[in-house]
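Please read the following explanation with the sequence and the model side by side, and look up each part as it comes up.

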Amino acid sequence: MNQHIKHIVIVGGGAAGWITAGRIAARHARDSGITVTLVESPTIGPIGVGEGTWPTMRSTLMKMGISETDFMRECEATFKQGAKFARWVDGTADDFYYHPLMLPQGFGQLDLVPYWQSACAGRSFSDTVCLQEQVCEHGLAPKMITTPEYASVANYAYHLDAGKFVGFLTRHCTTKLGVTHIQGDVTAVNSAPNGDIAAIVTAQQGEIAGDLFIDCTGFNSLLLGKHLGVPFVDRGDVLFIDKAIAAQVPYEREDAPIASHTISTGQAAGWIWDIGLVTRRGIGYVYSSRHTSDEQAEAALRAYIRPAGKSVGTRSIPIRSGHRQLFWKNNCVAVGLAAGFLEPLEASALVLVELSADMLAEQLPATRDTMDIVARRFNDTFLYRWDRIIDFLKLHYILSKRTDNAFWTDNRAPETIPDSLKDLMRLWRHRPPGNCDFTSNNEVFPAASYQYVLYGMGFRTDPEFLRPSASEQRAAQEHLAQNSAAARKALKMLPAHRELIAKIHAYGLPAV
Ligand SMILES: Cc1cc2nc3c(=O)[nH]c(=O)nc-3n(C[C@H](O)[C@H](O)[C@H](O)COP(=O)(O)OP(=O)(O)OC[C@H]3O[C@@H](n4cnc5c(N)ncnc54)[C@H](O)[C@@H]3O)c2cc1C
């Protein structure tokens, strides 16, 4: 049992496989004897969707030694500064709110909610406390051509071409980080007497042995789900989305502005994502097949894409909301779609891949007899994270006032709301969301994200319990004045998003 963990075998060459391979190889490149081998099927391609990310992607890329300029040039990448939720509250044409990626001004020192609620009634919460809504509405970038790689003026993540991203990571990991790449269809798994995986068997390359196996086989969940039999926990009772129809839509003009936020527009039975890349937009409708038909969904997507909607090709993808009961069993850990999936409303899938890869890279067990300790921690950490993400996604639905389809009213049925979220909603009647509500020191969605969604959707904390003192009011006024000044400066200083992308392609960003 005291065998050293030297040979890591990753099965699956989608974004999950390559991010995990890259993070582990970059972290352990100098440790003698650790090898990373990635095996992928030459016949089953990666899923090819997944274009919205979270700001963690900046540090993930940096830790793999990737140049931001190269990444942006080769992956059609653009900047993402948050999400604009349109038609989620009452479904009317001018109904929208923002979940920006910057924290509210002074967050952590002073909570601006009490002051905003009492003195700024009628003004959008995110626009009052954060400059980023205006930056997005003006189509501006979050940095300048003189801002070094990965540094920001306004916090940002990326939008990227999923297919090009996988190709880029493959080249980087194999040429710069020493990852061995094997093309092979896994057809069988050989077990050790203790139930561990001893080797995978591929049709083309025969047996491949390893000490730790990472299952990145997408919805197949070949090693953890099929071979080790870890059950799938279906969360379709809370999150109803079970289908996607996706399209790639070229811009009408080469110089069309590029949105620097994801636009999520509420529909009869789900919502449409709209992501601006350099030469095209990625647009898709995720919907509940219990509440609409495939034909109606396709018609809604084409109506949204108009005028290109008639001719554009579409692709349908089934979705199962939920996750595995455990993510690490024996010497096998699942990352990415093999671990589970929830609707892409807040781009939580790739961030979970990054967090999994980070924990694997940083806490890689040195020996088999310490592996079970790391596995327990990993399972506890990620079960907590999946539950928090489910609560956070559901929060987007429960405050909607839409009644145009049972999709919206069913989403508000109390039996579909997790108890943990119901408890938080009761607490937030009396005080705003704060860091004390969450126990992890590394939350996927911080309390500020809950504030943006809650108050953006029209929720109000009982003013009876929210009386800011005179000194708190003065401090809040100062913070809001600072925010307004910073917003004015940002609007003058920041370039148009497309203009910055063109400059990055032409000249590059200053290296870190
Ligand atoms: C509609 C939709 C929209 C999404 N939008 C977002 C988003 O905006 N943001 C976000 O963060 N995420 C999003 N996601 C999720 C995102 O696409 C995935 O998390 C990401 O692409 C990682 O996928 P993966 O690598 O786990 O799986 P895949 O890309 O499916 O890769 C699976 C790999 O396993 C290999 N494989 C399978 N079986 C075998 C076998 N028998 N032998 C050998 N190899 C095998 C395949 O060859 C492939 O390389 C979205 C997902 C969907 C469905």
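In this predicted model, helix 13, which spans residues 419-428, has as its buried residues Leu421, Leu424, Met425 and Trp428. These four sit on the same side of helix 13, because the arc that they cover around the axis is only 100°. An α-helix has 3.6 residues a turn, so residues three or four places apart point the same way. On the other side of helix 13, Asp419 and Arg426 are exposed, while the cover over the buried residues includes helix 11 and helix 14, the latter made of residues 447-456.

Helix 11, which runs over residues 368-398, also holds arginine 385. What surrounds this residue? Leaving aside residues up to four places away in sequence, arginine 385 touches Leu352, Leu355, Asn442 and Val444. Arginine 385 is buried and yet has no salt bridge, since the nearest side chain of opposite charge, that of glutamate 443, is 7.0 Å away, whereas a salt bridge would need a side-chain nitrogen within 4 Å of a carboxyl oxygen.

The strands can be taken next. Strands of a sheet pair through backbone hydrogen bonds, either parallel or antiparallel. An open sheet of 7 strands, with mixed pairing, follows the order 5-4-14-15-16-13-17. Its edges are strand 5 (residues 96-100) and strand 17 (residues 314-318), each of which pairs on one side only, and from one strand to the next the twist averages 20°. Within this order, strand 13 (residues 243-250) and strand 16 (residues 280-287) are antiparallel partners joined over 8 bridges, and glutamine 248 stands opposite glycine 282 in strand 16. Helix 9, made of residues 294-305, lies across strands 13, 14, 15, 16 and 17, and runs at about 150° to strand 16.

Another set of pairings involves strand 11, residues 212-215, from which Leu212 and Ile214 point one way and Phe213 and Asp215 the other way, all of them buried. Which strands pair with strand 11? Strand 1, residues 7-11, runs parallel to strand 11 and is joined to it by 4 bridges, with valine 9 standing opposite phenylalanine 213. Strand 20, residues 332-334, likewise pairs with strand 11 in the parallel sense, over 3 bridges, and here phenylalanine 213 stands opposite cysteine 332. Phenylalanine 213 thus has valine 9 opposite it in strand 1 and cysteine 332 opposite it in strand 20.

How values were computed. Residues numbered from 1 in each chain as written. Predicted model: local features only at pLDDT ≥ 70, side-chain atom pairs only at ≥ 80, totals over all residues. Heavy atoms only, no water. Helix = DSSP H or I, 4+ residues; strand = E, 2+ residues; numbered from the N terminus. Buried < 20%, exposed > 50% of the residue type's maximum accessible area, 1.4 Å probe, protein only. Lys, Arg positive; Asp, Glu negative; His and termini not counted. Contact = heavy atoms within 4.5 Å. Pairing = 2+ DSSP bridges. Axes fitted to C-alpha atoms, helices over the stretch in contact; angles between N-to-C directions. Arc of directions from axis to C-beta.
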